[in-house]
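Grab a pen and work through these short exercises on aromatic rings. Try each task before you read its solution.

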Amino acid sequence: MTLQADSAAPPPPLPPPDSAATNGISPTAEETSQPPRPTPPPELRVPIWWPEDGTLSMDWVENLMRCFDWCSRNVPPSELPSVLPVEVFDSLILVASKMLHKEPNCVPVDPFRPTLDDNSTPSDSAAAASVVVVGDVHGQLHDLLFLLRDAGFPSRDRIFVFNGDYVDRGAWGLETFLLLLAWKVFMPHNIYLLRGNHESKYCTSVYGFEKEVMVKYGDKGKHVYRKCLGCFEGLPLASIIAGCVYTAHGGLFRSVTVMPSKRLKGKKNRKINVNHESKILSLGSLEELCKARRSVLDPPWEGPNLIPGDVLWSDPSKNPGLAPNKERGIGLMWGPDCTEEFLKKYQLKLIIRSHEGPDAREKRDGFEGMDEGYTIDHVVDSGKLVTVFSAPDYPQFQATQVRYNNKGAYVILEPPNFDNPIFHGFSAVTPRPKANPYYDYEEVIDSDEELDLASMVTS
């Protein structure tokens, strides 16, 4: 989409708070003691509106970022609809959901674009954009805003791939997710949003996102939450960047090849066996990944549709082979030999995954911590496996006396080869605006372990 002026005039600014004095009634002492609602600065257009023609502009997206930042510091969470009306939410998530659902399970990211001549028309030569890969952000809005400015906004010369986990644990998961959806609608070929394990019904009911939405949108909260879940189902599972880099939230996955068994009466009655019941696990193929059914509220841990759960929940291991991920109760553990097999088979050079913050990594013997926001987990003949985590000082709410105080990081892949990850670390934006948690962070488990699988939706 091209940059252009917004096609609709912005609505009037927020009205002043209701006052009994306007009806000829003197205000009570309690009313006069309440602080007045802060007035947005004149450069903000509040409330946010949806352009009449549905075409977003850079000006619109930048205003959204500034409004969310200001709102997080000045407006109670329950008044978010006065800044982003539910009608605008509906328009944004409808357009974004349609885009995301149309993308394949494994999105090809092509950084080679035709160059523009002096008349702004495509020429025969091609220029390559750099690619920024971002890990978990977990509702840490202000750190995301810093990251976008630090790396440079999405543009013709800069593509972003986000590796999932936009919500939960942080206090601004809704604003974080909607901001990224706005960028997606504005520049659909310059930003790609993949699914994380927290983009699910189970995780959002445990780690705060569902409650956050209910607090912020009140009687419209169930509607907003349901629309977000529907959008989560449309998020792609993985990407292949420039034909040589595989990215996914958790990582690799098993084969679930269906093989014919004893025939009964004709082909229509053919029995099938699925090898996930077998004790022998084998690495899955990109063809199987492309055929998996991703539109599930909670990726299954049993049954024939195991690939989405593997892609979102699996972790690397130092031990060779594939094994069930017993710590999490879903997904796999895969060793360096599997990394080598996958890279070599598809002529890839690099795997970038996320999924593990400092709380998860401190429990993993033989692996580096997440102090710098990234680790290099496997180095094999064909390339590398790295983990990148983009939420600094995570989690926002910590029950321990000593905070992890980890840095966040993002990866830059530069042309022409895209196979040499350049890590950019950054510290958390301080001070964070004051906020209350939306989950019992003192009681809930630190990392995504010991899942209550019985409560997960698998239909």
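A residue counts as buried when its relative accessible area is under 20%. Keep in mind that this is a predicted model.

**Exercise 1.** Work out which kind of aromatic pair phenylalanine 177 and phenylalanine 232 make, and what the pair ties together.

*Solution.* Start with the search of the whole structure, which turns up 20 aromatic pairs. In this one, the ring centres are 5.1 Å apart and the planes meet at 65°, so we call it edge-to-face; the cut-off for that label is over 60 degrees. Next, place the residues: phenylalanine 177 belongs to helix H6 (residues 173-186) and phenylalanine 232 to helix H9 (residues 221-234), so the pair ties together parts 55 residues apart in sequence. Last, check exposure: phenylalanine 177 and phenylalanine 232 are both buried.

**Exercise 2.** Do the same for phenylalanine 209 and phenylalanine 232.

*Solution.* Geometry first: the centres are 5.9 Å apart with 45° between the planes, which makes the pair tilted. Then location: phenylalanine 209 sits in helix H8 (residues 209-217) and phenylalanine 232 in helix H9, 23 residues apart, so this pair links distant parts of the chain. Both phenylalanine 209 and phenylalanine 232 are buried. Now zoom out: Phe177, Phe209 and Phe232 join Tyr166 and Tyr225 in one aromatic cluster.

**Exercise 3.** Which charged residues lie over the ring of phenylalanine 367?

*Solution.* Take lysine 318: its charged end sits over that ring, 4.6 Å from the centre. Then take arginine 364, which lies over the face of phenylalanine 367 at 4.2 Å from the ring centre.

Note on methods. Residues numbered from 1 in each chain as written. Predicted model: local features only at pLDDT ≥ 70, side-chain atom pairs only at ≥ 80, totals over all residues. Heavy atoms only, no water. Phe/Tyr/Trp six-rings, centres within 6.5 Å; stacked < 30°, edge-to-face > 60°. Helix = DSSP H or I, 4+ residues; strand = E, 2+ residues; numbered from the N terminus. Buried < 20%, exposed > 50% of the residue type's maximum accessible area, 1.4 Å probe, protein only. Lys NZ or Arg CZ within 6 Å of the ring centre and 35° of its normal.
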